[in-house]
Amino acid sequence: MSPRWVRLPPVVLAVRGAALALAAAGLAHTLWGGLHEPGHALAFGVLITIGELARWGAQPGEREPAPLGAAGALAYALLGRSGGEPTSHGVLQVIAVLVAAQLVACVPHVARGSGPGPDQVARRVLIVAFAAVCFQPLYNSGRSESLFGEGPYYAAFLLVLLGLTALCDAVLGALLLRARTLPRGLRAAGATPVPYGPLLRDELRALTGIGSAVCATGAVMALGVAVAGLWALPVLCVPLLLTQVSFRRFAAVRTTYRQTIASLARSTEIAGYTPHGHARRVAVLCTAVGREMGLSGPELTVLEYAALMHDIGQLSLVDPVPDGATARLPAAEQRRIALLGGAVVRQTGVDTGVAVVVEQQADPFREQPLSARIIRAVNAYDDLCGEGIGGPLGALEQLRLGTGRDYQPQVVESLARVLARGGLTPVPPG
C-alpha cells in the first residue's frame, strides 16, 4: 500500500474504500448485464457531467461547487417512472452512471490541475448510493405505491427521503473534516481532534442554503420526469443554474469583502507598527481555537475579522510599540488602543459585532465575550513567541501563569491543543 494512503486517518480510508467498492460493483454489474433504459442513463449521465464541469469558477470554500450534478444524481436515484411508464434501473446502475459521469467530467479538470478531491467524490458516491438503496428496492417491489400512492403523499415521501440523505451527508462530511484535522501520528501521541459537535452543526446549517436547493431540485426532477419524461430535465435545471450563478456572485462579493479587511489589517504592518504577518497568524490561530471551543460559522467569521483588525488602533500611536507587542503595555493603554481600534472598525462599515470584539479585547477577561478572550490570549501568545521567550512552549507557559488573572484557562488550554495538533509550532510568518 502507498505510504500516502497509510498516513490517511482510518475514517478517510473507510469512506474511500466503501465508495471504491460500490463503484467497482456498480460498473461491473452494468458492464455484465448491460444498461437498462440507455436513453435515461445517457440523459442523466450528461446532466451529471455538465453539473460536474460547472465546478469551474467555484469560489474557495464552496460547500457544493456542483449543485446541478448533485441534484441530477439524486433525481436518477429517486426515479421510479418516466412519462408514466415504470423504470427498471436499479441501485448499481445508478452508481455506475454517477461514477462514469464523474470520470468523464474529471478529465478536463485534471488537465487543468483542479477538480474535486477523492474525499468529495467518495462522499458523493456514498450519499447517492444511500438514496438509491432507500428508494429503488421499495419502489420496484411496489411497496411505495401501496403505501404512498402517486399523489402528494408520494412527493412527501421523496422529500423525507432526501432530508434523510442530506442528514447523512452532513454526518459524513463532519466525520471527514474531523478526521482531517488530526494526523494519525499526533492522534497516537495523545492529541485530541476538533470537537465533532461544532463541525456537524456547521454542516447542518449549510443545508438551509444551497443544500436545500439541491434536495428540492432533485425531488422536482424525479417527479417531473415521472410525468413528462426526459423533456422535463432541461426545463427543471434552469432554477438551480440561476441559484448557482447567484450563489457564485455572493461568494465572490464575500471573498472580496474579506480581502478588503485583510488589506486594511496589513496597514499596521506597512506602517511599521506590528511585525510582518502578525495579524494573519493571530487570525488563523483564533479561528482554530474558536472552532475548538465550539463557535458556529457566523461566530467564527466575526472572530476572524476581529482578529485581523485587532491592532488597527495602534495607528493612533505617535511612537510605535516595540515589535507591536501590546501584551506588555499597561492595562489602561491596552484598553485605549482597543477602543480606538473599535472606532476605526466602525467607520469601515464592517459588521458592528467585529467592532465590539475589537473594543473589548483588552478588558478583564471575565467581562469579555468569548471571541475577545480568544483574541486576547492568541495575540499575547504571538507577541511572546516574537520575543523569543522559550519558543512556543515558553509562550504557553507564560499564558498559563496568567490564567485566572489575564486569560481564561479554557481558552489557553484550547490554544495548547490546537498547537499540539500542529506540533507546537507557531503559524509561519507571511
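**Aromatic contacts and helix packing in a predicted model**

Phe135 has a relative accessibility of 1% and therefore counts as buried, a class that covers residues under 20% relative accessible area, with exposed meaning over 50% and partly exposed the range in between (1.4 Å probe, protein chains only). The structure is a predicted model, in which local features need pLDDT of at least 70 and side-chain atom pairs count only at pLDDT 80 or more, whereas totals for chains, interfaces and linings use all residues. Residues are numbered from 1 along each chain as its sequence is written, and side-chain values use heavy atoms, with hydrogens and water left out.

The partner of Phe135 was identified in a search of the whole structure, which finds six aromatic pairs. The ring centres of Phe135 and Phe157 are 6.3 Å apart and the ring planes lie at 25°, so this pair is stacked. For this purpose, rings of Phe, Tyr and Trp (its six-membered ring) pair if their centres lie within 6.5 Å; planes under 30 degrees apart count as stacked, over 60 as edge-to-face and the rest as tilted. The pair connects distant parts of the chain, since Phe135 belongs to helix 6 (residues 118-140) and Phe157 to helix 8 (residues 152-180), 22 residues apart. Helices (H or I, at least four residues) and strands (E, at least two) are DSSP runs, numbered from the N terminus. Phe157 is buried as well, because its relative accessibility is 13%. Phe135 and Phe157 join Tyr139 and Tyr154 in one aromatic cluster.

Two further residues of helix 6 were examined. Ala122 lies in this helix and is buried, because its relative accessible area is 5%. Its C-alpha atom is separated by 6.6 Å from that of Val15, although the two residues are 107 positions apart along the chain. Apart from residues up to four places away in sequence, Ala122 touches Val15, Arg16 and Ala19, where contact means heavy atoms within 4.5 Å. Pro137 is also found in helix 6, but its relative accessible area of 45% makes it partly exposed. Between Pro137 and Val91 the C-alpha to C-alpha distance is 8.0 Å, with their positions 46 residues apart in sequence. Val91 and Ala132 are the residues that Pro137 touches when those up to four places away are not counted.

Helix 8, which holds Phe157, also packs against helix 2, with an angle of about 135° and an axis separation of 8 Å. Helix 2 is therefore oblique to helix 8. Axes are lines fitted to C-alpha atoms, for helices over the stretch in contact, and angles run from 0 to 180 degrees between N-to-C directions. Angles under 35 degrees count as roughly parallel, over 145 as roughly antiparallel, 65 to 115 as roughly perpendicular and the rest as oblique. On the side of helix 2, the residues that meet helix 8 are Val11, Val12, Val15 and Arg16; their counterparts in helix 8 are Leu172, Leu175, Leu176, Ala179 and Arg180.

Helix 2 (10-33) is followed by a loop leading to helix 3 (38-53), and Glu37 is placed in this loop. Glu37 has a positive phi of about 50° although it is not a glycine. With a relative accessible area of 22%, Glu37 is partly exposed.

Helix 4 (residues 67-77) has 11 of its 11 residues buried, so it is largely enclosed by the rest of the structure. Among these buried residues are Pro67, Leu68, Leu74 and Tyr76. Gln102, in helix 5 (residues 91-112), is likewise buried, because its relative accessibility is 6%. Beyond its neighbours within four places in sequence, Gln102 is in contact with Glu52, Val121, Arg124 and Val125.

At the level of the protein chain, the secondary structure comprises 19 helices and two strands. The chain has 430 residues, and 47% of them count as buried. Of its contacts with a separation of 6 or more, 73% involve residues 24 or more positions apart.

The mean pLDDT of the protein chain is 81, and 87% of the residues score at least 70; pLDDT is the predictor's confidence in each residue, from 0 to 100. Residues 1-6 have a pLDDT below 50, and this stretch has four contacts in the model beyond near neighbours in sequence. Residues 426-430 also stay under 50, and the model has 15 contacts for them beyond four places in sequence. Where pLDDT is low, the predicted coordinates should not be read in detail.
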